Amino acid sequence: MRWFIVPLLSVMLLGLPVAAQEAPPGGDENYVTPGMEGRAPSAAPLEGDDVHIFTDYDGTVAGFVSIPDRQSGVLVQEQGRDWRAFRSGWFLWIAGGLILLTVGALAAFFFWRGRIRIESGRSGRWVPRFNGLERFAHWATAISFLALAITGLIITFGRPLLIPLMGHAAFTPLAEASKTLHNIAAPPFVIGIVMMLVLWLRDNIPNRTDIEWLRQAGGMFSAPGTPHPEAERFNAGQKMIFWIVTLGGLLVSATGLVLLMPFFFADIGGMQVAQVVHALTAAALIAVIIAHIYLGTLGMEGAFDAMGRGEVDENWAREHHSGWYKTLKRPAPDAPAPTDGKGVPAE
Ligand code: HEM
């Protein structure tokens, strides 16, 4: 039955003449529709109420159309099944697993190591770390990334997790808003990524200092009180974050653009590849950024000031970025404590 159901449906539903991309040899009774080769017509008649309305056909059915939209000549694309199995099957396990593993590892690290303190305590003196433009680039990227990540996760996990919890009626507007916000948050993310790339490229070129830093894993697994390995403006861990975020960010941006403009840059196969790359890269970025946010807030005393106020405590700079600290023009030790810029002494 199969050999004739799909072509029949294609003609009935789409008005597609089922034929080869090249013109079918007219009237040739041996002509075989592409994708149907080797499928012998079944001789068995349908029995009783055994009426086929759907045939689980796993090949490709492509026809010939003369309208400008040649895509519509494809009725069944077999790679679509693999893509669907990825999108609604194992991608959920990969993304969910990666995120849960990261959160679990960070929680275990926190309970084992606690907060990484400024060993010599706060000095009360501040040294400039990031200027206004650098912080603008960072927060534009960070805020838009958070919006993209949250809306992306709603879109990804909506069907298996949110619909059973909140029902279709409530999920529909949430999904629509998520999709719109996802599109709106993309341009500032791209701008932020490009700005960070331009502003911080020079400071993120790997060098010899990074080897020793990596050998000691940044001192993160050393007992509290052990001096941190030397680092310049960015340590090897931050350089890795920088490269993952910028290159990964450009990859999600490019593949996102392919998905945003269907059939403009790629055909259906190209868009499936773009979706897979987009989804896997985004899941990896989310996991990396969860670790980054942990270290920038709860995980390390004094780190948030760098992006929050643009300055860090002098002791933090000396302990965590000794190489960079030595290059700074520091005030003389007996100089009065700097103010916060409004004449108020900094704490
Ligand atoms: C609430 C979210 C975030 C917080 C609290 C945060 C915090 C921080 C802090 C404190 C620093 C400075 C570290 C230092 O001075 O050594 C930093 C740097 C940086 N952030 Fe974030 N960040 C956040 C989100 C993001 C996001 C979403 C991205 C990219 C998608 C990002 C990318 C970077 C990069 C590339 C750097 C420079 C390298 C590094 O320090 O790792 N951040 N962030």
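**Iron site, nonpolar cores and loop residues of the predicted model**

E301 is buried, with a relative accessible area of 14%, a value that falls under the 20% limit for burial. In this predicted model, E301 is located in the loop that runs between α6 (268-296) and α7 (304-308). Beyond residues up to four places away in sequence, E301 touches R115, I116, R117, I118, R122 and W316. With I118 there is also a polar pairing: a polar atom of the E301 side chain lies 2.9 Å from the backbone nitrogen of I118.

The chain as a whole contains nine helices and four strands. In sequence order these elements follow the pattern α-β-β-α-β-α-α-α-α-α-β-α-α. Of the 347 residues in the chain, 37% are buried. When contacts between residues at least 6 apart in sequence are considered, 75% join residues at least 24 apart.

The ligand contains an iron atom, and two histidines take part in its coordination. H138 and H292 each bind the iron atom through NE2, at 2.0 Å. Six donor atoms surround the iron atom, and the angles they subtend range from 85 to 179°, which makes the arrangement octahedral. For six octahedral donors, the ideal angles at a metal are 90 or 180 degrees. The two histidines come from distant parts of the chain, with H138 in helix α3 and H292 in helix α6, 154 residues apart. Their accessibilities fall into separate classes. H138 has a relative accessible area of 13% and is therefore buried, because burial requires a value under 20%. H292, at 32% relative accessibility, counts as partly exposed, because this class covers values between the 20% and 50% limits.

The nonpolar residues of the interior were examined next. The largest nonpolar core has 32 residues, and F145, W200 and V312 are those with the most contacts inside it. At least two residues of this core are supplied by each of α3 (132-200), α5, α6, α7, α8 (314-320) and α9 (322-326). The largest share comes from α3, which provides 10 residues. A second, separate core comprises seven residues, among them F91, L92, A95 and A283. For V312, contacts outside the four nearest places in sequence involve R125, W126, V127, R129, G302, A306, A317 and W324.

The UniProt record, an unreviewed entry, places the feature "transmembrane region" at residues 90-112, 139-161, 181-201, 241-264 and 276-295. Two of these spans were compared with the model. Residues 90-112 are 100% helix and 0% strand, and the C-alpha atoms at the ends of the span lie 32 Å apart. Residues 241-264 are 83% helix and 0% strand, and here the end C-alpha atoms are 32 Å apart.

S253 lies in helix α5 (residues 236-260). With a relative accessible area of 17%, S253 is buried, since the value is under 20%. Leaving aside neighbours within four places in sequence, S253 is in contact with F189 and V190.

Two residues in loops have positive phi values although neither is a glycine. A217 has a positive phi of about 50° and is situated in the loop between α4 (208-215) and α5. Its relative accessible area of 26% makes A217 partly exposed. F263 has a phi near 65°, which is likewise a positive value in a residue other than glycine. This residue, F263, is found in the loop between α5 and α6, and at 42% relative accessibility F263 counts as partly exposed.

The loop between α4 and α5 also holds T226. T226 has a relative accessible area of 35% and is partly exposed. Although T226 and E119 are 107 residues apart in sequence, their C-alpha atoms are 9.0 Å apart in space.

How values were computed: Residues numbered from 1 in each chain as written. Predicted model: local features only at pLDDT ≥ 70, side-chain atom pairs only at ≥ 80, totals over all residues. Heavy atoms only, no water. Buried < 20%, exposed > 50% of the residue type's maximum accessible area, 1.4 Å probe, protein only. Contact = heavy atoms within 4.5 Å. Polar contact = N/O pair within 3.5 Å; in protein donor to acceptor, adjacent residues only side chain to side chain. UniProt positions renumbered as here; feature names shortened; annotations may be inferred. Core = buried A, V, L, I, M, F, W, Y, C linked by side-chain atoms within 4.5 Å. Donors = N, O, S within 2.8 Å, 3.2 Å for Na, K, Ca; no water. Tetrahedral: all angles 85-135°; square planar, octahedral: opposite > 155°, others 65-115°.
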